[in-house]
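Here are some notes for a colleague who is meeting this structure for the first time. Please read each point with the model open beside the text.

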Amino acid sequence: MSDRVNKEVIIIGIGNPVLRDDGAGIYAARMIKRSLKDLDELSVDVEETAQAGLELIELMEGYEKGILIDSIKTPESDVGTIYKLGVEELNRRDPLSVHLMDITTALELGKKVGVKLPGSLSIYAIGVLDNSTFGEEMTPEVKQKLPDLVHRIIEDLMPGRGEKWSLES
C-alpha cells in the first residue's frame, strides 16, 4: 500500500487473456500503460487482474478515482460497442460479466468495514463475441475497437489529451 499513498487514480484491466475476447480489459490496460509514459506524473497506477469481487476492493483501496475495464457479453450488448457505466447501473439480476457480477456487493461490504474506496468509479466495457474459447488472439471485431476503448478512457482521465493520443507499439 505504501506505493499507493500518493496516487490518485487506479485503472484496472480485468479478464483472462487466454480466453480470446475475455482478455480485452487486460489488453486495454497494457495499451494505456505503454501509451502514458508519464503515469507517475499523472498519479495513475495501471493494474491487470483476473480477480473479481472482493479481490478488486484490495486493488482499489486508497485511491480517489477508479476505472475498471472489462468485457461484456449479454443479449443486449453489440460486439465492439463501448459502454461506460457507473456502479449504480450494474444490475445484480442481469450482470455484465462473471467479473463484475459481484462488484456492487463487494463495494457495499468494503464500505461497511471501513475500506477507503474511490469516491468516483467508472466501468468501461466492450461488447465481445467470444469470451470462452481458449486462445490468445482476440476476434478481429473486438481487436479493431480496442484503440477506441483506450482513447475514451484516456479522454476521461485527461480531457483534451485523448484527441492527441495515438497507439504506441
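1. D21 sits in the loop that runs between strand 1 and helix 1, and, since the model is a predicted one, its position should be read as a computed placement. Although D21 belongs to a loop, D21 counts as buried because its relative accessible area is 0%, where the cut-off for buried is under 20%.

2. The surroundings of D21 are drawn from elsewhere in the sequence: setting aside residues up to four places away, D21 touches S71, V128, L129, D130, M138, T139 and V142. With T139 there is also a polar contact, in which the side chain of D21 reaches the backbone nitrogen of T139 at 2.8 Å. G135 offers a further view of this folding together, since 114 residues separate D21 and G135 in sequence while their C-alpha atoms are 8.9 Å apart in space.

3. A second aspartate, D45, is part of strand 2, which covers residues 44-49. D45 is buried as well, because its relative accessible area of 16% falls under the 20% cut-off. The side chain of D45 makes a polar contact with the side chain of Y63, at 2.4 Å, and D45 lies 8.3 Å from E8, C-alpha to C-alpha, with the two positions 37 residues apart in sequence numbering.

4. Turning to the interior, the largest nonpolar core has 26 residues, and those with the most contacts inside it are I11, I32, I69, L146, L149 and L157. Two or more residues each are given to this core by strand 1 (9-14), helix 1 (24-35), strand 2, strand 3 (65-72), strand 5 and helix 5 (140-157), and helix 5 supplies the largest share, seven residues. A second core, separate from this one, has 17 residues, including L68, V87, I103 and I123. In soluble globular proteins, nonpolar side chains tend to be buried together.

5. Which residues is I32 in contact with, leaving aside its neighbours within four places in sequence? The contacts of I32 are I11, V46, I69, V150 and I153, and among these I11 and I69 are, like I32, listed with the most contacts inside the largest core.

6. Nonpolar residues are also found on the surface, where L54, L109 and V113 form a patch with about 290 Å² of accessible area together. V113 belongs to the loop between helix 4 (103-112) and strand 5 (120-127), and V113 is classed as exposed because its relative accessible area is 61%, against a cut-off of over 50%.

How values were computed
Residues numbered from 1 in each chain as written. Predicted model: local features only at pLDDT ≥ 70, side-chain atom pairs only at ≥ 80, totals over all residues. Heavy atoms only, no water. Patch = residues over 30% accessible without salt bridge, like charges linked within 9 Å, V, L, I, M, F, W, Y side chains within 5 Å. Areas by Shrake-Rupley, 256 points an atom, 1.4 Å probe, with all protein chains shown as cover. Salt bridge = Lys/Arg side-chain N within 4 Å of Asp/Glu carboxyl O. Helix = DSSP H or I, 4+ residues; strand = E, 2+ residues; numbered from the N terminus. Buried < 20%, exposed > 50% of the residue type's maximum accessible area, 1.4 Å probe, protein only. Polar contact = N/O pair within 3.5 Å; in protein donor to acceptor, adjacent residues only side chain to side chain. Core = buried A, V, L, I, M, F, W, Y, C linked by side-chain atoms within 4.5 Å. Contact = heavy atoms within 4.5 Å.
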